[in-house]
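Student: I would like to go through this model with you and ask how each label is earned. Shall we look at it together?

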Amino acid sequence: MEELMLKEENLKNDEVEFEEKTAVDEIKEEQEEDEEEALPHSEFLDIFEEGLALMVQDPLLCDLPIQVTLEEVNSQVALEYGQAMTVRVCKADGEVMPIVVVQSATVLDLKKAIRRYMELKQQREGGVKHISWKYVWRTFHLVFNGEKLEDDKRKLKDYGIRNRDEVTFLKKLRRK
């Protein structure tokens with residue numbers, strides 16, 4: 001009886017050992033295949049950019065620039081599903097910036113989205129390299145229907161801001 005139990009235990013050990021060897025061999029084969037299929041970085045980027053260009057041709061994403069970021073794609077999809085809204089920020093020079101924020105966004109979220117929008121715009125156009133946002137928010141107000149958006153923690157909905165509403169970028173008046 002003991003001899004039979006020893007044989008069974010040896011068989012189990014042999015099976016485990018065989019399974020471990022098989023798993024190790026499979027991993028080695030996968031690594032070898034990966035090494036054979038590895039692309040140079042430049043080729044990978046070319047393939048990725050071609051895929052992005054095709055994706056941006058979709059009617060849902062056609063408003064996005066060619067050098068689109070994942071963040072912009074996610075924002076556009078969130079807009080389509082009603083999880084986000086576009087706030088049109090009007091500057092003094094007449095430029096209108098379509099800023100996408102989530103439905104529950106705060107004033108601070110809007111400010112961060114404006115900053116991100118401007119950074120991406122500068123990267124694409126090669127404009128000014130650095131903007132002091134501390135200076136910008138000290139010098140300018142965001143205004144909606146004559147009301148200054150002063151409380152960064154307050155939600156945009158609390159100010160009555162809805163999808164496609166316009167918020168104005170106004171210079172603060174200096175007190176003497």
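**From loop to sheet to pocket**

Tutor: Gladly; let us start at Arg-164, which sits in the loop that joins β4 and β5. Keep in mind that this is a predicted model.

Student: What makes Arg-164 count as exposed?

Tutor: Exposed means over 50% relative accessible area. Arg-164 has a relative accessibility of 64%, so it counts as exposed. Its phi is also worth a look: the angle is near 70°, a positive value in a residue other than glycine.

Student: Which residue in the loop between β3 and β4 has a positive phi?

Tutor: That is Asn-145, with a phi of about 50°. Asn-145 is not a glycine either. At 71% relative accessibility, set against the cut-off of over 50%, Asn-145 is exposed, too.

Student: How do you know that β3 and β4 are paired?

Tutor: Pairing needs at least two bridges between the strands. β3 and β4 have two bridges, in the antiparallel sense, so they meet that condition. In one place Val-143 stands opposite Lys-148 of β4. The two strands form a hairpin, with two residues between them.

Student: And what links β3 to β5?

Tutor: Four bridges, again antiparallel. Leu-142, for instance, has Phe-169 in β5 as its bridge partner.

Student: Why is β3 called mostly covered?

Tutor: Buried means under 20% relative accessible area. Four of the five residues of β3 are buried, and that is the basis for the phrase.

Student: What makes β2 and β4 edge strands?

Tutor: The sheet is open and has five strands in the order β2-β1-β5-β3-β4, with mixed pairing. β2 (96-102) and β4 (147-148) each have a single partner strand, so one side of each lacks a neighbour in the sheet. The partner of β2 is seen in its pairing with β1 (residues 84-90), which is antiparallel over seven bridges. Within that pairing, Val-87 is bridged to Ile-99 of β2.

Student: Which helices pack on the sheet?

Tutor: Helix α3 (residues 70-80) does, touching β1 and β2, and its direction makes about 110° with that of β1. Helix α4 (residues 107-125) does as well, in contact with β1, β2, β3 (140-144) and β5 (166-171); the angle between its direction and that of β2 is about 130°.

Student: How do you know that the length of α4 agrees with what a helix should span?

Tutor: At 1.5 Å a residue, its 19 residues should span 27 Å, and the end C-alpha atoms are 27 Å apart, so the two values agree. After α4 comes Gly-126, with a positive phi near 70°.

Student: Which residues of α4 are buried?

Tutor: Among them are Val-107, Leu-110, Ala-113, Ile-114 and Met-118. An α-helix has 3.6 residues a turn, so residues three or four places apart point the same way. The buried residues of α4 pack against α3, β1, β2, α5 (133-139), β3 and β5.

Student: What lines the largest pocket?

Tutor: There are 26 lining residues, and Glu-72, Pro-98, Ile-99, Val-100 and Tyr-117 lie nearest the centre. Two or more residues come from each of α3, β1, β2 and α4. α4 gives the most, with eight residues. The space in this pocket is about 750 Å³.

Methods. Residues numbered from 1 in each chain as written. Predicted model: local features only at pLDDT ≥ 70, side-chain atom pairs only at ≥ 80, totals over all residues. Heavy atoms only, no water. Contact = heavy atoms within 4.5 Å. Axes fitted to C-alpha atoms, helices over the stretch in contact; angles between N-to-C directions. Expected span 1.5 Å × (residues − 1). Buried < 20%, exposed > 50% of the residue type's maximum accessible area, 1.4 Å probe, protein only. 1 Å grid on protein atoms, 1.4 Å probe; cavity = no way out; pocket = protein on both sides within 12 Å on 5 of 7 lines; lining within 4 Å. Points joined across faces, edges and corners; volume = space filled by probe spheres on them.
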